[in-house]
Amino acid sequence: MKILLLGKNGQLGWELQRALAPLGELVALDRSEGADLANSEQLIATVRAVAPQLIVNAAAYTAVDKAESDAAAAQQINAIAPGLLAREAKALGALLVHYSTDYVFDGSGDQPRDETAATGPLSVYGASKLAGEQAIAASACQHLTLRTSWVYAARGGNFAKTMLRLAGEREQLKVIADQIGAPTGADLLADLTAHMARATLANPQLGGLYHAVAGGQTSWHAYASHVIELARQRGQAIKVAPDQILAIPTSEYPTPARRPLNSRLSTAKLQQAFGLRLPEWQTGVERMLVEVLG
Ligand SMILES: NC(=O)C1=CN([C@@H]2O[C@H](COP(=O)(O)OP(=O)(O)OC[C@H]3O[C@@H](n4cnc5c(N)ncnc54)[C@H](OP(=O)(O)O)[C@@H]3O)[C@@H](O)[C@H]2O)C=CC1
Ligand SMILES: Cc1cn([C@H]2C[C@H](O)[C@@H](COP(=O)(O)OP(=O)(O)O[C@H]3O[C@@H](C)C(=O)[C@@H](O)[C@H]3O)O2)c(=O)[nH]c1=O
Ligand SMILES: [Mg+2]
């Protein structure tokens with residue numbers, strides 16, 4: 001089987017290079033290798049030249065605040081390009097795997113949302129990701145769209161690594177405590193992708209939209225505190241005292257993009273359909289820290 005992976009050097013793309021390799025002949029590309037999602041003609045030509053049976057799209061516009069003033073680029077990369085990939089997948093009879101986000105929701109309430117819950121993005125990024133999901137669904141190509149949240153990895157930029165850096169530089173940190181969600185490892189997502197793609201290629205009825213996040217829930221503040229305490233225990237030079245990691249409400253941390261307060265996603269559908277378990281978020285975070293800190 002031929003597999004085309006787009007966005008191979010992102011957090012998720014990097015882990016997918018490893019996880020997809022055993023499934024077939026993997027062609028992994030980034031934007032400098034004929035797979036620029038901002039260039040529709042080039043993207044289409046590349047997909048047709050490779051003619052894969054499986055397309056995995058890990059490329060995305062993920063700069064949430066920047067997207068507020070760069071909506072056209074976010075829309076091209078997160079919505080238009082996935083729509084083109086879906087059209088090409090349909091023509092090839094290929095399975096398309098794509099990723100979306102908790103930011104498609106408005107974050108009201110305090111219960112986990114399932115795949116049937118109403119969307120209501122608060123940000124340009126969230127709206128562009130929702131439009132991407134919808135373009136794929138409308139194309140009627142064989143697809144798996146995995147909505148995930150708060151992605152981290154040993155390689156690449158993410159909130160946990162930002163907090164480790166700031167904890168070594170500052171005596172006080174202020175971190176939002178009223179946004180609740182699940183930090184999810186790119187390695188876990190990549191492994192889920194391989195399992196789910198294989199099962200869906202064998203049984204097309206499994207295709208569709210799934211919430212795919214680690215188990216449990218936390219706030220950005222509790223997540224930051226957890227990561228910083230683990231780093232301290234591992235002998236890292238940490239400047240901030242535990243009681244100087246201050247819990248603040250969203251209202252005290254103004255940003256260009258609005259973010260949902262309730263990012264809880266229910267993974268019951270995924271677990272049931274594929275017979276898989278989602279480990280608690282702390283497990284993957286601890287592995288990542290060992291990898292990053294040594
Ligand atoms: N990060 C997170 O917290 C979350 C991510 N997601 C979704 O998961 C998926 C993977 O995200 P993640 O790996 O964390 O994101 P990253 O930002 O780590 O990686 C995104 C990749 O996309 C590439 N990219 C950006 N623009 C283009 C373009 N025009 N053409 C080709 N490639 C491009 C980037 O390349 P370059 O480095 O050259 O810019 C980068 O390698 C995305 O769909 C994202 O929306 C969902 C929820 C949470
Ligand atoms: C750096 C910093 C951030 N924060 C807040 C801002 C924000 O609400 C939260 C996380 O910061 P980030 O910059 O990582 O947020 P953000 O980039 O919005 O993270 C999101 O990325 C996209 C791609 C997704 O799809 C989401 O699931 C989510 O992971 O922490 C603080 O409270 N204190 C701080 O010092
Ligand atoms: Mg970010």
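Where does Trp150 lie? Let's work through that and a few more exercises on this model.

A quick note before starting: this is a predicted model, where local features need pLDDT of at least 70 and side-chain atom pairs count only at pLDDT 80 or more, while totals for chains, interfaces and linings use all residues. Residues are numbered from 1 along each chain as its sequence is written, and chains are lettered from A and ligands numbered from 1 in the order in which they are written.

**Exercise 1. Place Trp150 and decide whether Trp150 is buried or exposed.**

Step 1: Find the loop between β5 (142-148) and β6 (151-152); Trp150 sits there. Helices (H or I, at least four residues) and strands (E, at least two) are DSSP runs, numbered from the N terminus.

Step 2: Check the backbone. Trp150 isn't a glycine, yet its phi is positive, near 50°.

Step 3: Count neighbours. A residue is buried if 20 or more other C-beta atoms lie within 10 Å of its own, exposed if 12 or fewer, and partly exposed in between, with C-beta atoms placed from the backbone. Trp150 has 22 other C-beta atoms within 10 Å, so it's buried.

**Exercise 2. Do the same for Ala51.**

Step 1: Look in the loop between α2 (40-50) and β3 (54-57), where you'll find Ala51.

Step 2: Ala51 has a positive phi too, about 50°, although it is not a glycine.

Step 3: Ala51 has 12 other C-beta atoms within 10 Å, so this one is exposed.

**Exercise 3. Work out how α6 and α8 cross.**

Step 1: The axes of α6 (159-169) and α8 (residues 220-233) come within 9 Å and cross at roughly 60°. Axes are lines fitted to C-alpha atoms, for helices over the stretch in contact, and angles run from 0 to 180 degrees between N-to-C directions.

Step 2: That makes α6 oblique to α8 (under 35 degrees would be roughly parallel, over 145 roughly antiparallel, 65 to 115 roughly perpendicular, and the rest is oblique).

Step 3: Now list who meets whom. Phe159, Ala160, Met163, Leu164 and Ala167 in α6 meet Trp220, Ala224, Val227, Ile228 and Ala231 in α8; contact means C-beta atoms, placed from the backbone, within 7 Å.

Step 4: Sort these residues by class: ten are nonpolar, none polar and none charged. Ala, Val, Leu, Ile, Met, Phe, Trp, Tyr, Cys and Pro count as nonpolar, Asp, Glu, Lys and Arg as charged, and the others, Gly among them, as polar.

Definitions and conventions. Contact = placed C-beta atoms within 7 Å.
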